[in-house]
Amino acid sequence: MTRAQSFFQNIVNRQVSIAPLVTFRILFGLLLFLGTLRFLLKGWVETLYILPKFHFTYYGFSWIKPLPDSWMYLPFIVLLIFCLFLVFGFLYRITTAVLFLTFTYIELLDKTTYLNHYYFVSIVLFLLMFISAAKYYSVDNLIFSRKTQPLVAAWEINLLKFQIALVYIFAGLAKLNYDWLFKAQPLKIWLQANHNIPIVGSLLQQKETAFIFSWFGCIYDLFIVFFLLKSSTRPIAYLFVVVFHLITWLLFPIGLFPWIMICITTIYFSPIWHQKFLNRLKTIFKTDKNELSVFQEKPVKNKKLVYTLLSVFIFLQIAIPLRYLAYPGNLYWNEEGFRFSWRVMLMHKQGNATFYIEDKNRRIEIDNSDYLTEFQEDQMSTQADMQIQYAKYLQQQFSDTILKFNETEIHLKNPKVYADIFVTLNGRPSQRFINEKIDLSQQNYNLKHRNWVMPLNEMKTTE
Amino acid sequence: MLNTRKFKLIFAIFLLAGGLLISCKKKKVEEPDAVFNKKELLINLADNVIMPAMSSFQSSIVALEIELTSLENTPTLGQFDNFKNAWKSAYLSWQHIKIFDFGPIKNAGFKSATATYPCDSVKIINNIQSGAYNLSSIENIDAIGLTSMDYLLYQNNALADYQSTTNYRLYVRAVVDKLLNETNQVKSAWDAYRATFVESDGTASTSAFSLLVNEFTRDFELAKNAKLGIPIGKQSLGILRPEYLEVRRSDFSLALLKESVVALKNTYLGASGKGFDDYLIFLEKTSLNQSIVGNFDQSINGLAAISTDFETAMTTNFSDLNNVYLIMQNQVVNIKTDMPSAFGVLITYQDNDGD
């Protein structure tokens, strides 16, 4: 065996303890349960999925539709139930498939709500469908009276480690940009707003603080995984994980994401740590008293299929965040190839979009609140792809309609849609975002470069 | 070799963390004043803008009620005019209240109950004729408040109807009593709310500071759209819609629009104390601040230069009104995009996670 082969054997085929996967399954299931519960309690099902008249679907997924009215609660209830199934390892394959499909269905409904960590949850649920995380310490194991199989192929754990590593490293690479490193933006804006925090508050308005946070965050994201991988640096590295994510949780409205990372980075811990953790659970819940048996080599079936699938997945996960390289212009301004790339907390963008319906040089100024929720309007104002979708929707609303103003009756046949849009990015003075002379409803909604977006004018950054 | 490299990396991380602590400490001692405290802004706004506006609105409503009592005793033309004048000053004073549609004002639904415009004269006539009405019901929202008096006091036979019809008099009385009652309630609720308000200087979408910025912006947009844009045809292909003027019959709409912008400017400046302007200057956004102040002045001057009433101006001075509209449209970008972005405040109430 060559060195490469043995390395490959080591990270893919070797039979290793299942314990880290079992911990992962339990913690991830619990967090997803809590996240779903929180989502329900905050009333977001209604504000995000029931109230909007119009949804910004993803390219190629316009066929995904919300359920009517209160039926929209159903997928969330399904999530709650199956999250518990996941925790207890009940009907594992079905459970993971249901969770993946349900969660992804909800996420695909409206890109207004896109968050990297929702995408991450979808990816992990997808991976769990193929990973045997319920062969041990699970209800499945009890009721189907299977033999405990304390071993899995190494790739099953390494794939999750790889996925987490990608999140951190791509997030770190994304921070290697001028605004982040040399203007400490957007952290400068976000930190100063938190001056009311006791004791350290006043420091958050110091420029130096923003720079230290920016550089530390960048170095942390780039290298933390490597320190987690080495057993000698792992305890300190994990301490950094906890502190880093707690700080972000305290300062920024990012929901459960910090807790997810704090919990699931334990997958980098040694199998022995996980065995101890599970043994402790067993003592607490007075379940199964068997210790995990010793590792042993076992050949994997369908090796070729596994390798192919793994390679495709890994290729996609590396290629998708890099697709932005295929587009010209400023990534943060144009947001072409921005989503699904682990670009977390990277920009502060705010905009104001005034849309016009025009017919024979006469205009109707649109009140966005007649068609969109505040959150949708807020997101649409800074994202060119959503502006196209909205323009097309408005065009539909007004085309071939008869409007009556006092005694005047006007028949709109095929009105045009224009917009005055101004956007500010990372503290720059706002500037015109799209060409106001272009009929947006006539632009194609696709993944090509959108040339009606005005280039970001860097000369206006004097302030 | 490997061990030293590892050591160095760990050491570097510690240095960074240490550097954070040290630089923090140093700064704290050296520059204690280089900080903008949003709490001071909130205190100033509460004590020098909102509460005084509240008191003066309360007095103007009390005065309105006193004039009404006089009118009920001597329903003459002279007394009717006194009552109209009291209504005008109350309505001007209201422009300084409606900006703050959060906390007690929001909870009481005070904004919509006081000035939902234009009023629905058909509803008012029906109410008066039937004599049976629940003014607190949601259907009557545009048949009550200060706006309803545009019809009640300025319709063509207002004085004659007032003098001759008991139901008419009762309706005016009911509207004023409701207004007085709610004003008193909201005033005392705000007195109690002040402590909560000034403490809520955080970044959550529910913090008073976020609410203040959001409502300020929203009110400006409302002035731009509802008080000006809609009547001059901005949402109707350029077709003028005088029927959407805030108070068409009294020819008072232009004065209200101007006062609304004056009130917004005063809020922006925090009267003569700490306001949004000072926060922007602290954040090194001086030219944005200048642009916002200049824009307010241009709008106010532009409106002051129009000597006719609104409806006449819509035909005789359309370009003047349109210019003010365009100035205000630019201002929306300033105060809805650049300003909150500099503050790190999100323009949305919708509580949501970011990433």
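**Entry 1: first look at chain A**

I began by counting elements, and I found 18 helices and eight strands in chain A. Next I looked up its radius of gyration, which is 25 Å. The globule rule gives 23 Å for 463 residues, so chain A is as compact as a globular protein of that length. I also drew a box along the principal axes, and the C-alpha atoms of chain A fill roughly 85 × 50 × 50 Å.

**Entry 2: how far to trust it**

I noted that this is a predicted model, so I checked confidence before going further. Chain A has a mean pLDDT of 91, and 94% of its residues reach 70 or more. Where in chain A is confidence lowest, and where highest? I found the lowest in helix H1 (residues 3-13), with a mean of 84, and the highest in helix H4 (residues 73-88), at 98. I marked residues 291-297 of chain A for caution: pLDDT stays under 50 there, and the model has twelve contacts for them beyond four places in sequence.

**Entry 3: burial and contacts**

I looked up burial in chain A and found that 40% of the 463 residues are buried. Of the contacts in chain A with a separation of 6 or more, 68% join residues 24 or more positions apart.

**Entry 4: the nonpolar cores**

I kept one rule in mind here: in soluble globular proteins, nonpolar side chains tend to be buried together. Which residues touch the most other members of the largest nonpolar core? I found B:Leu42, B:Trp87, B:Ala90 and B:Tyr91, in a core of 88 residues. Helix H2 (residues 38-73) of chain B gives this core its largest share, 13 residues. I picked out B:Ala90 for a closer look: leaving aside residues up to four places away in sequence, B:Ala90 touches B:Ser60, B:Ile61, B:Leu64 and B:Leu146. Another core lies apart from this one; I counted 65 residues in it, including A:Phe28, A:Leu86, A:Val98 and A:Phe227.

**Entry 5: a sheet in chain A**

I then traced an open sheet of four strands in chain A, whose order is S4-S3-S7-S8 with antiparallel pairing. Strand S4 (362-365) and strand S8 (431-432) are at the edges with a single partner strand each, so one side of each has no neighbour in the sheet. I saw that strand S7 (residues 416-425) and S8 of chain A run antiparallel and are joined by two bridges. Looking for the partner of A:Phe422 in S8(A), I found A:Arg432.

What packs on this sheet? I found helix H15 (residues 318-343) of chain B, which touches strand S3 (349-359) and S7 of chain A. The direction of H15 makes about 155 degrees with that of S3(A).

Key
Residues are numbered from 1 along each chain as its sequence is written. Chains are lettered from A and ligands numbered from 1 in the order in which they are written. This is a predicted model: local features need pLDDT of at least 70, side-chain atom pairs count only at pLDDT 80 or more; totals for chains, interfaces and linings use all residues. pLDDT is the predictor's confidence in each residue, from 0 to 100. Two residues are in contact if their C-beta atoms, placed from the backbone, lie within 7 Å. The radius of gyration is taken over C-alpha atoms; the globule rule is 2.2 Å times the number of residues to the power 0.38. A residue is buried if 20 or more other C-beta atoms lie within 10 Å of its own, exposed if 12 or fewer, and partly exposed in between; C-beta atoms are placed from the backbone. A nonpolar core is a set of buried Ala, Val, Leu, Ile, Met, Phe, Trp, Tyr and Cys residues joined through C-beta atoms within 7 Å. Two strands pair if DSSP finds at least two bridges between them. Axes are lines fitted to C-alpha atoms, for helices over the stretch in contact, and angles run from 0 to 180 degrees between N-to-C directions.
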